[in-house]
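Student: I have a new model open on my screen and would like to talk through the labels attached to it. Could you take me through the reasoning behind them?

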Amino acid sequence: MKVVIELLFVVLHVAQGTATKRSPIILKDNGYENVLLSISEDIPENHQLLIDIKKHITAMSREMFNATKQRAYITNVTIVIPKSWKNKPEYTSSSSKLMSLQKANVIVANSAPGVDPDAPYVKRQAGCGIIDE
């Protein structure tokens, strides 16, 4: 889950005002809104994963708030689950085309071959400060 926290911070830092095919992150009243996190289709159904993601985002938001002297925090994050997961009452359905793996600001996926599964994994082709695939 370290990858979620570190990637989310990077995304929030560089996404402000950047034209991209990703979902636009908005800074409104010191809160980051419209953050889209998508779980890759190859991740098996795991309700604990959703609980852990929520805990980590909440903790990261709290740390961001303290580190910025109460000037920035995460207002909301939408988590897109794989289509292969069973429908549950706690899941909200959306027909929005904005909610897809391709539009996600943060993607939760399996590690690349040869990479420690507990280490953060970031796939980037573009330079620093440029939102990438």
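Tutor: Happy to. Let's start with a pairing: tyrosine 32 stands opposite isoleucine 74 in strand 4. Keep in mind that this is a predicted model.

Student: What makes strand 2 and strand 4 a pair?

Tutor: Two strands pair if DSSP finds at least two bridges between them. Strand 2 and strand 4 have 2 bridges, in the parallel sense, so they meet that cut-off.

Student: Why are strand 1 and strand 4 called edge strands?

Tutor: They belong to an open sheet of 3 strands with the order 1-2-4 and mixed pairing. Strand 1 (26-28) and strand 4 (73-74) each have a single partner strand, so one side of each is left without a neighbour in the sheet.

Student: Glycine 31 is in strand 2 (residues 31-33). Why is glycine 31 called buried?

Tutor: Buried means under 20% relative accessible area. The value for glycine 31 is 0%, so the label buried applies.

Student: Which residues is glycine 31 in contact with, leaving aside its neighbours within four places in sequence?

Tutor: Those are Ile26, Tyr73 and Thr75. There is also a distance to look at in your viewer: the C-alpha atoms of glycine 31 and alanine 72 are separated by 5.6 Å, although these residues are 41 apart along the chain.

Student: Tyr73 came up there. How do you know that tyrosine 73 forms an aromatic pair with phenylalanine 65?

Tutor: Ring centres must lie within 6.5 Å, and those of phenylalanine 65 and tyrosine 73 are 6.1 Å apart, so the two rings pair. By this rule the count comes to 1 aromatic pair.

Student: And is that pair stacked or edge-to-face?

Tutor: Planes over 60 degrees apart count as edge-to-face. The planes of phenylalanine 65 and tyrosine 73 are at 75°, so the pair is edge-to-face.

Student: What about the exposure of phenylalanine 65 and tyrosine 73?

Tutor: Partly exposed covers the range between the 20% and 50% cut-offs. Phenylalanine 65 has 31% relative accessibility, so it counts as partly exposed. Tyrosine 73, at 30%, also counts as partly exposed.

Student: Now to the loops. What makes the phi of asparagine 34 worth a look?

Tutor: Its phi is near 70°, a positive value in a residue other than glycine. Asparagine 34 is found in the loop between strand 2 and strand 3, and with a relative accessible area of 32% it is partly exposed.

Student: And lysine 69: why is that residue called exposed?

Tutor: Exposed means over 50% relative accessible area. Lysine 69 is at 60%, so it counts as exposed. Lysine 69 is found in the loop between helix 2 and strand 4, and its phi is near 55°, again a positive value in a residue other than glycine.

Student: Let's go to the sheet that contains strand 3. What order do its strands have?

Tutor: The order is 5-3-6, in an open sheet of 3 strands with parallel pairing. Strand 5 (77-80) and strand 6 (106-108) stand at the edges with a single partner strand each, so one side of each is left without a neighbour in the sheet. The twist averages 20° from one strand to the next.

Student: How do you know that strand 3 and strand 6 pair?

Tutor: At least two bridges are needed. Strand 3 (residues 35-39) and strand 6 have 3 bridges in the parallel sense, so they pair. Within this pairing, isoleucine 39 stands opposite valine 108 in strand 6.

Student: Where does helix 2 lie?

Tutor: Helix 2 (residues 47-67) lies across strand 3, strand 5 and strand 6, and runs at about 150° to strand 3.

Student: Which residues of the largest nonpolar core touch the most other members?

Tutor: Of its 18 residues, those are Leu37, Ile39, Ile53 and Trp85. Strand 3, helix 2 and strand 6 each supply at least two residues of this core, with the largest share, 6 residues, coming from helix 2.

Student: To finish, how do the elements run from the N terminus on?

Tutor: They run α-β-β-β-α-β-β-β, with 2 helices and 6 strands in the protein. Of the 133 residues, 29% count as buried.

Note on methods
Residues are numbered from 1 along each chain as its sequence is written. This is a predicted model: local features need pLDDT of at least 70, side-chain atom pairs count only at pLDDT 80 or more; totals for chains, interfaces and linings use all residues. Side-chain values use heavy atoms; hydrogens and water are left out. Rings of Phe, Tyr and Trp (its six-membered ring) pair if their centres lie within 6.5 Å; planes under 30 degrees apart count as stacked, over 60 as edge-to-face and the rest as tilted. Buried means under 20% relative accessible area, exposed over 50%, partly exposed in between (1.4 Å probe, protein chains only). Helices (H or I, at least four residues) and strands (E, at least two) are DSSP runs, numbered from the N terminus. Axes are lines fitted to C-alpha atoms, for helices over the stretch in contact, and angles run from 0 to 180 degrees between N-to-C directions. Contact means heavy atoms within 4.5 Å. A nonpolar core is a set of buried Ala, Val, Leu, Ile, Met, Phe, Trp, Tyr and Cys residues joined through side-chain atoms within 4.5 Å.
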